[in-house]
Amino acid sequence: MGTGLIPVLVRYNMRWLDCFYKSLYNFSWLKSQRNNRRDAWKYFFLLMIILTLVAVVPVFVGLPKAIGELKTKAKDLPEFKATLNAGTLAVTELKQPFVFKDDENFVIVIDTESAAAPSLNNFLAEGQSGILFSKEKVELFDNASGQSKEQSLKGMPNFAMGKTELVNNVDKYTGVKFLIIFDVVFLLVIFAVNFFTKLIGLLIALLIVLLAVKIAGKEWKFDELFNVGLYAVTLPILLGFALNLIGFTISVYFLAVLAFLLALVFTKDDSIVIAS
């Protein structure tokens with residue numbers, strides 16, 4: 001049974017790769033899939049799985065190293081006692097302002113004793129990101145995006161923690177069991193986000209395309225456009241990846257899907273054989 005399954009999987013994977021290749025450019029082939037709902041869903045589902053794996057594999061690969069660094073840094077911290085009560089943070093047993101800099105230009109600042117509200121900018125050099133814990137708020141600056149955020153501590157639950165509790169919590173929540181649960185949940189969340197965002201973007205684009213084809217008198221039904229659209233998202237997804245690699249962070253998925261589908265339905269091709 002096992003040996004018989006392998007050829008089936010190989011044939012399916014080869015067929016999927018053939019569909020992937022043709023969905024990038026072959027309008028005639030795409031139009032021939034307008035009544036092939038089952039295969040279209042299979043293709044789209046596997047495409048979303050691959051998209052998810054591409055997104056999460058770098059995280060999973062880098063996670064052990066990040067956890068190791070987190071444990072080391074937690075143990076290297078000086079003794080301290082942090083207490084949050086009624087929205088006011090107090091840190092004792094620690095000389096302040098306390099400034100910690102890692103090897104990747106990230107700065108951690110703790111200053112809960114200054115009479116005047118401290119500013120994170122006073123502790124950052126050019127090109128550095130960081131986070132500041134003061135008695136009434138948390139301030140964060142990301143140098144890559146240039147964005148700064150502040151979060152008031154009012155309304156947050158009271159707590160008390162020292163270095164020993166911090167180290168114990170880091171060890172507790174970075175164990176093998178926790179990491180397995182985290183990996184599974186993270187994988188499912190990313191898959192769900194990819195699946196539904198891509199599907200919703202496609203559906204919105206299809207409504208616009210359907211309106212255009214009705215005005216133009218083209219013989220396309222919504223379900224036919226949907227079947228073809230499940231393949232047509234391939235090129236826009238690859239375009240999005242390419243733009244992200246060169247630092248272009250604005251999503252072009254919806255516009256790319258819309259343009260691709262409009263080009264497809266308004267391209268004449270008399271040699272199409274509709275797949276049943």
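This tour moves through a predicted model, from the whole chain to its helices, its sheets and a few backbone details.

**The whole chain**

Begin with the complete protein in a cartoon view. It contains 8 helices and 8 strands. With a radius of gyration of 27 Å, well over the 19 Å that the globule rule gives for 276 residues, the protein is more spread out than a compact globule. Along the principal axes, its C-alpha atoms fill a box of roughly 80 × 55 × 35 Å. Colouring by accessibility shows that 32% of the 276 residues count as buried. Among contacts between residues at least 6 apart in sequence, 59% join residues at least 24 apart.

**Helices H3 and H7**

Next, select residues 37–76, which form helix H3, together with residues 234–245, which form helix H7. Two packed helices are described by the angle between their axes and the distance between the axes. Here the angle is about 10° and the axes lie 12 Å apart. Because angles under 35 degrees count as roughly parallel, H3 is described as roughly parallel to H7.

Show side chains at the contact. From H3, display Tyr43, Leu47, Met48, Leu51 and Val54; from H7, display Thr234, Ile237 and Phe241. Which classes of residue make up this contact of H3 with H7? It has 7 nonpolar residues, 1 polar residue and no charged residues.

**From Tyr43 to helix H1**

Keep Tyr43 of H3 in view and add Leu17, which lies in helix H1 (residues 2–22). The C-alpha atoms of Leu17 and Tyr43 are separated by 9.5 Å, and the two residues are 26 residues apart along the chain. Is Leu17 buried, partly exposed or exposed? Its relative accessibility is 46%, so Leu17 counts as partly exposed.

**Helix H6**

Now select residues 222–232, helix H6. Of its 11 residues, 9 are buried, so H6 is largely enclosed by the rest of the structure. The buried residues to display are Glu224, Leu225, Phe226, Asn227, Val228, Gly229, Leu230, Tyr231 and Ala232.

**The sheet of 3 strands**

Turn to the strands. Strands of a sheet pair through backbone hydrogen bonds, either parallel or antiparallel. The open sheet of 3 strands has the order E2-E1-E8, and its pairing is antiparallel. Strand E2 (88–92) and strand E8 (159–162) stand at the edges; each has a single partner strand, so one side of each is left without a neighbour in the sheet. From one strand to the next, the twist averages 10°.

Focus on strand E1 (residues 81–85), which pairs with E8 in the antiparallel sense over 4 bridges. Leu84 stands opposite Phe159 in E8. Then add residues 163–172: this is helix H4, which packs on the sheet and touches E1 and E8. The direction of H4 makes about 90° with that of E8.

**The sheet of 5 strands**

The other sheet to select is open as well, with 5 strands in the order E3-E4-E5-E6-E7 and mixed pairing. Which strands stand at the edges? They are strand E3 (98–101) and strand E7 (147–152), each with a single partner strand, so one side of each is left without a neighbour in the sheet. The twist in this sheet averages 10° from one strand to the next.

Within the sheet, zoom to strand E5 (residues 129–134) and strand E6 (residues 137–142), which run antiparallel and are joined by 4 bridges. To locate the pairing, select Ile131 and its bridge partner in E6, Leu140.

**Backbone details in two loops**

Finish with the backbone atoms of the loops beside E2. Most residues other than glycine have a negative phi, and most peptide bonds are trans. The following residues are worth selecting against that background.

- Ala86 lies in the loop between E1 and E2. Its phi is near 55°, a positive value in a residue other than glycine. At 66% relative accessibility, Ala86 counts as exposed.
- Glu93 lies in the loop between E2 and E3. Although Glu93 is not a glycine, it has a positive phi of about 65°. Its relative accessibility is 60%, so Glu93 counts as exposed.
- Pro97 is also placed in the loop between E2 and E3. The peptide bond that joins Gln96 and Pro97 is cis, with omega about 0°.

Definitions and conventions
Residues numbered from 1 in each chain as written. Predicted model: local features only at pLDDT ≥ 70, side-chain atom pairs only at ≥ 80, totals over all residues. Heavy atoms only, no water. Axes fitted to C-alpha atoms, helices over the stretch in contact; angles between N-to-C directions. Helix = DSSP H or I, 4+ residues; strand = E, 2+ residues; numbered from the N terminus. Parallel < 35°, antiparallel > 145°, perpendicular 65-115°, else oblique. Contact = heavy atoms within 4.5 Å. Nonpolar A, V, L, I, M, F, W, Y, C, P; charged D, E, K, R; others polar. Buried < 20%, exposed > 50% of the residue type's maximum accessible area, 1.4 Å probe, protein only. Pairing = 2+ DSSP bridges. Rg over C-alpha atoms; globule rule 2.2 N^0.38 Å.
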